[in-house]
Amino acid sequence: MRNLSFNECKCDLRYLIAVIITFLCAIICGIVLYKVASINIYFKNFAEDYVYYVFNFKNSKLIFSHILSELIYIYLFFIIGYFTRFKYLTLILVFIRGLYFTVYVAILFELVTFGGITVAILVFIPTYIISFAFCWFISEYCKLINKKYIFFVPAILALTNTVVLTILVNVVFRVVIVIV
């Protein structure tokens, strides 16, 4: 029972407010910088490839890049939260990740039109929100988890988010495509 016991779990409200404010600032900056970023061909190619892979259900390319980025981000949040006393350093990662998220959503909405809007609403945004929650969770509560299992928890969270992505692409998106 003690392995994953969160009885001593007290949310740091100041940290949560700081994370939300940082994320909102990243959204505003991403919207402002969208026109500059949309000039870059790599952002456009990523958005087009993402929509293509989702519509054609090419899971292997989506899953590999997603699990790799999730592992990197969640372990970065974990390292900062676990090995330092300054968990507010994760706000830099929140800002960078929120900025890229906003730019990609704006490109999906504008560049790839209806297909991009559908993919963004049904797959990209929910997956990112879950990933964002996992990153916050691991940086907030990593010191409460049993020391034997702590180094596996970020990998389990990344795998869980990848399973959610796979379910969203293969179940939810297919149902919406069949209905339409």
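**Buried salt bridges, cysteines and a nonpolar patch**

Arginine 97 is buried, its relative accessibility being 10%. The model described here is predicted, and the values reported below are computed from its atoms. The partner of arginine 97 is glutamate 70, with which arginine 97 forms a salt bridge whose closest N and O atoms are 2.6 Å apart. This pair links distant parts of the chain, since glutamate 70 belongs to helix 4 and arginine 97 to helix 5, with their positions 27 residues apart in sequence. Glutamate 70 is likewise buried, at a relative accessible area of 2%.

In the structure as a whole, three salt bridges are found. Apart from the pair just described, lysine 87 takes part in a salt bridge with aspartate 12, with an N to O distance of 3.3 Å between the two side chains. Because lysine 87 is located in the loop between helix 4 (59-83) and helix 5 (90-111), and aspartate 12 in the segment before helix 1 (13-32), this salt bridge ties together parts that are 75 residues apart in sequence. A relative accessible area of 17% places lysine 87 among the buried residues; aspartate 12, at 19%, is also buried, the cut-off for this class being under 20%.

Lysine 87 has a further acidic partner in glutamate 140, and the closest N and O atoms of this salt bridge are 3.3 Å apart. Glutamate 140 lies in helix 6 (residues 113-141) and lysine 87 in the loop between helix 4 and helix 5, so this pair ties together parts that are 53 residues apart in sequence. Glutamate 140 is buried, with a relative accessible area of 11%. Through lysine 87, which pairs with aspartate 12 and with glutamate 140, a network of salt bridges is formed that links Asp12, Lys87 and Glu140.

No disulfides are present in the structure. For cysteine 25, the closest cysteine sulfur is that of cysteine 29; the separation of 6.7 Å is too far for a bond, because a disulfide requires the two sulfur atoms to lie within 2.5 Å. The surroundings of the cysteines were also examined. Cysteine 25 is partly exposed, its relative accessible area being 38%, whereas cysteine 142 is buried, with a relative accessibility of 0%.

Helix 7 (residues 153-179) contains threonine 162, a residue that is buried at 5% relative accessibility. A polar atom of the threonine 162 side chain is positioned 2.9 Å from the backbone oxygen of alanine 158. When residues up to four places away in sequence are left out of account, threonine 162 touches Ile63, His66 and Ile67.

Isoleucine 167 is also located in helix 7. In contrast to the buried threonine 162, isoleucine 167 is partly exposed, with a relative accessible area of 45%. Isoleucine 167 contributes to a nonpolar surface patch of about 750 Å². The other residues of this patch are Leu159, Val163, Val171, Val172, Val175, Ile179 and Val180.

Terms used. Residues are numbered from 1 along each chain as its sequence is written. This is a predicted model: local features need pLDDT of at least 70, side-chain atom pairs count only at pLDDT 80 or more; totals for chains, interfaces and linings use all residues. Side-chain values use heavy atoms; hydrogens and water are left out. Buried means under 20% relative accessible area, exposed over 50%, partly exposed in between (1.4 Å probe, protein chains only). Helices (H or I, at least four residues) and strands (E, at least two) are DSSP runs, numbered from the N terminus. A polar contact is a pair of N or O atoms within 3.5 Å; within protein, one must be able to donate a hydrogen and the other to accept it, and residues adjacent in sequence count only if both atoms are side-chain atoms. Contact means heavy atoms within 4.5 Å. Patches are made of residues with over 30% relative accessible area and no salt bridge: like charges are joined within 9 Å, nonpolar side chains (Val, Leu, Ile, Met, Phe, Trp, Tyr) within 5 Å. Accessible areas come from the Shrake-Rupley method with a 1.4 Å probe; for residues, only the protein chains shown count as cover. A salt bridge is a side-chain nitrogen of Lys or Arg within 4 Å of a carboxyl oxygen of Asp or Glu.
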